[in-house]
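Visitor: Thanks for showing me around today. Could we look at the model together and talk through a few of its residues?

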Amino acid sequence: MTTRFGLICIIVIFLISTTVVSMPLPPFTDAYTEISTPIGTVVWGRLDSDKTWTADNSPYIIEGYVTVANGVTLSIEAGVTVHVNRSLSGGELYVDGNFVVSGTEDAPVILTSNSTSPAFDDWGNLWVNSSAHAEMNWTEMWFGHGFLIVSDGNIIHNSKFIEDSNGVSVIGSGNLLDGVTVSQEFLAPAIWVTGPINTITNSTLRNNTIGLLLDFGASGSIIVNITFKGNSNYGLGIRESISGIRVHHNNFIANTRQAVAKEANALYNDTYPSGGNFWSDYTGIDECSGPNQDVCPDPDLIGDTRYDIPHVTTGLPVAWDFYPLMCPTWGCISVPAAPTNLTAELTGSDFENVTLAWNLSEDDVDGQGSLVRYDILKGTNYSSNSSEYMLHDSVLDGISSYEDIGAGEGDPNNYFYVVCAVDFTENFTCSDGQAGKFTRPLSEGPNLVSFPLILTNESTEFVLRTVSFDKAWFFDSFDQEWKSVVKSKPYPNDLEYLNHTIGFWVNVKSISNFTVAGVVPSTTTIHLRTGWNLIGLPSFNSSFTVAELKSITSVLRIEGYDPVSSPYHLRVLADSDILAPGYGNWLWVDVETIWIVECS
């Protein structure tokens, strides 16, 4: 490292390639300035007296840089968001003094890009320089260049670093990183340690290129209870010529290479019976116990044979875990919990895509757990148990949405989706519910329609947004009156909402597709009142006949849509006719009844 006005270069040379990271430092002569604006508090310059960034004045917007002078404290309250604008001076936060971040689990402090479309490497670095001291709790850093800890004795608790191009670099000594999550770092290791006697514990490094690199100078590092998961090159790498490394009670799950080393300079297990690490690719058995695993039969949840750590280039064993754990640190593996609340929406400027969203599996919490991905299964014909659906795509654990490009408006097929949580042993559990996309072409003039999906937004304009229409109308059998929406009316319309239980008329101005996306209903209850009822069929049962409906309800007569039967475009349906989803039907009922509709 050169002077403050020089060029700082950090060179990574290890194991896969050489990466050079350089950043010219800006001048530090501008006084600290803070301006309140309608969009937030804009700040820049050198802070020469103590300052607190408050939740009341959030968000803060850094223009160019803010530097905290030696001996000065910048405190940030819980719930504050800091947006950083990249500029010629990089978009940076430099700390030469004290940095106290007091986020909480419910109100973290967030450092992120100020772009309306934030992306990887949008702004510069958060620097904790050689004279600085940082205590950071519940801090999130998104879309930056990196977080550099140059000084000694800093404490980072319960913090996340996501989609920052160069992850976290620990250059000083005696630092504690506890409860840290680093994910989606691709240009450098998620955590890169070059200083001695640092401790990293209770953390998650997942879906990066490299999880953790202990480079030259990292002697005495303690690595305990870290989950290394899904890192595309390796989870843990340890350089030669360093010593005193302790690596135990970590979980190595589905990394391309779990760990690599240059020599046997680390201890990969604690003493017996505490044990070593969990390795998802360990093939040994557990039949014995004891320091030498020779008391048999007496299983102890520690593998009877060692786990080999290979040399980075030759692949030959150079180090060993003599007490590999048979189960992850959170407990032995069971079938993963299913994702829940699966929904679908049409997205894109022309509604051409279908976007799925779901709640993460209970076993997918900040990378802890054995989950490695979500599989998206898709079919064109409804299957109640999804057995006929095929694997369409997958997303990594921690991701709770997926966009199916081109599957929405304009694609003539109906689609059905389930999402399955999959662990590293390929055990899986799929969502109980299904999502779907339904489409039906409509001709010019009056069409009698319905939709067989539960939509998140049931306003009439939203439901019919893919249709060119001027009027829609519906007979409300409860109020015994017609309700309508007429676009040319200057006064309010009374057909405000549509749902999956009703049929309704729509007058189409030009040939359109009626396309919707939502949740496939498993069971629907429809209250049929005496007289005429205008209903839809919230089911994808392709063989449900008029006769079947009459047999289970008090329906006596059904009239359906017939485009050539003027003037009402209706005909009486025969008992053998199929009731199809997407079409409305008139039902004559002589006694009020409840119709329970199964989707299949």
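Guide: Gladly! This is a predicted model, and a good place to begin is the aromatic cluster formed by F475, W482, W532, W586 and W588.

Visitor: How do the rings of W532 and W588 meet, stacked or edge-to-face?

Guide: A pair of aromatic rings is described by the distance of the centres and the angle of the planes. For W532 and W588 the centres are 5.4 Å apart and the planes stand at 65 degrees. Planes over 60 degrees apart count as edge-to-face, so the geometry of W532 and W588 is edge-to-face.

Visitor: And how many residues apart are W532 and W588?

Guide: W532 sits in strand β47, while W588 belongs to strand β50, which covers residues 585–589. The pair thus links distant parts of the chain, and the separation is 56 residues.

Visitor: Is W588 buried, exposed or partly exposed?

Guide: Buried means under 20% relative accessible area and exposed means over 50%. W588 has a relative accessibility of 34%, and its partner W532 has 28%. Both values lie between the two cut-offs, so W532 is partly exposed, and the class of W588 is also partly exposed.

Visitor: How many aromatic pairs does a search of the whole structure find?

Guide: The search covers the whole structure and looks for aromatic pairs. The total it finds is 27.

Visitor: Take F416 and F540: what is the angle between their ring planes?

Guide: The ring centres of F416 and F540 are 4.7 Å apart. This pair is edge-to-face, because its planes stand at 85 degrees.

Visitor: Which parts of the chain does that pair tie together, and how many residues apart are they?

Guide: F416 lies in strand β38 (residues 415–423). F540 is in the loop between β47 (531–535) and α2 (546–552), so the pair ties together parts whose separation in sequence is 124 residues.

Visitor: Is F540 buried or exposed?

Guide: The cut-off for buried is under 20% relative accessible area. F416 has 2%, so F416 is buried. F540 has 11%, so F540 too is buried.

Visitor: Let's turn to the loops. The side chain of N231 has a polar atom 3.0 Å from a backbone oxygen; which residue does that oxygen belong to?

Guide: N231 lies in the loop between β24 (222–229) and β25 (234–238), and it is buried at a relative accessible area of 0%. Beyond its sequence neighbours up to four places away, N231 touches residues including R206, N207, A254 and T256. The backbone oxygen at 3.0 Å belongs to L205.

Visitor: N175 is in a loop too. Which residue's backbone oxygen lies 3.3 Å from a polar atom of its side chain?

Guide: The loop of N175 runs between β18 (168–170) and β19 (176–178). N175 is buried, with a relative accessible area of 1%, and among the residues it touches are I149, D152, V170 and N198. The backbone oxygen in question comes from S151.

Visitor: Is A264 buried or exposed?

Guide: A264 is found in the loop between β28 (259–261) and β29 (266–267). Leaving aside neighbours within four places in sequence, A264 is in contact with V318 and A319. Its relative accessibility is 56% and the cut-off for exposed is over 50%, so A264 counts as exposed.

Visitor: One last stop: which residues form a nonpolar patch on the surface with F120?

Guide: F120 has its place in the loop between β11 (109–113) and β12 (125–128). The patch has about 270 Å² of accessible area together, and the partners of F120 are F186 and L187.

Note on methods:
Residues are numbered from 1 along each chain as its sequence is written. This is a predicted model: local features need pLDDT of at least 70, side-chain atom pairs count only at pLDDT 80 or more; totals for chains, interfaces and linings use all residues. Side-chain values use heavy atoms; hydrogens and water are left out. Helices (H or I, at least four residues) and strands (E, at least two) are DSSP runs, numbered from the N terminus. Buried means under 20% relative accessible area, exposed over 50%, partly exposed in between (1.4 Å probe, protein chains only). Contact means heavy atoms within 4.5 Å. A polar contact is a pair of N or O atoms within 3.5 Å; within protein, one must be able to donate a hydrogen and the other to accept it, and residues adjacent in sequence count only if both atoms are side-chain atoms. Patches are made of residues with over 30% relative accessible area and no salt bridge: like charges are joined within 9 Å, nonpolar side chains (Val, Leu, Ile, Met, Phe, Trp, Tyr) within 5 Å. Accessible areas come from the Shrake-Rupley method with a 1.4 Å probe; for residues, only the protein chains shown count as cover. A salt bridge is a side-chain nitrogen of Lys or Arg within 4 Å of a carboxyl oxygen of Asp or Glu. Rings of Phe, Tyr and Trp (its six-membered ring) pair if their centres lie within 6.5 Å; planes under 30 degrees apart count as stacked, over 60 as edge-to-face and the rest as tilted.
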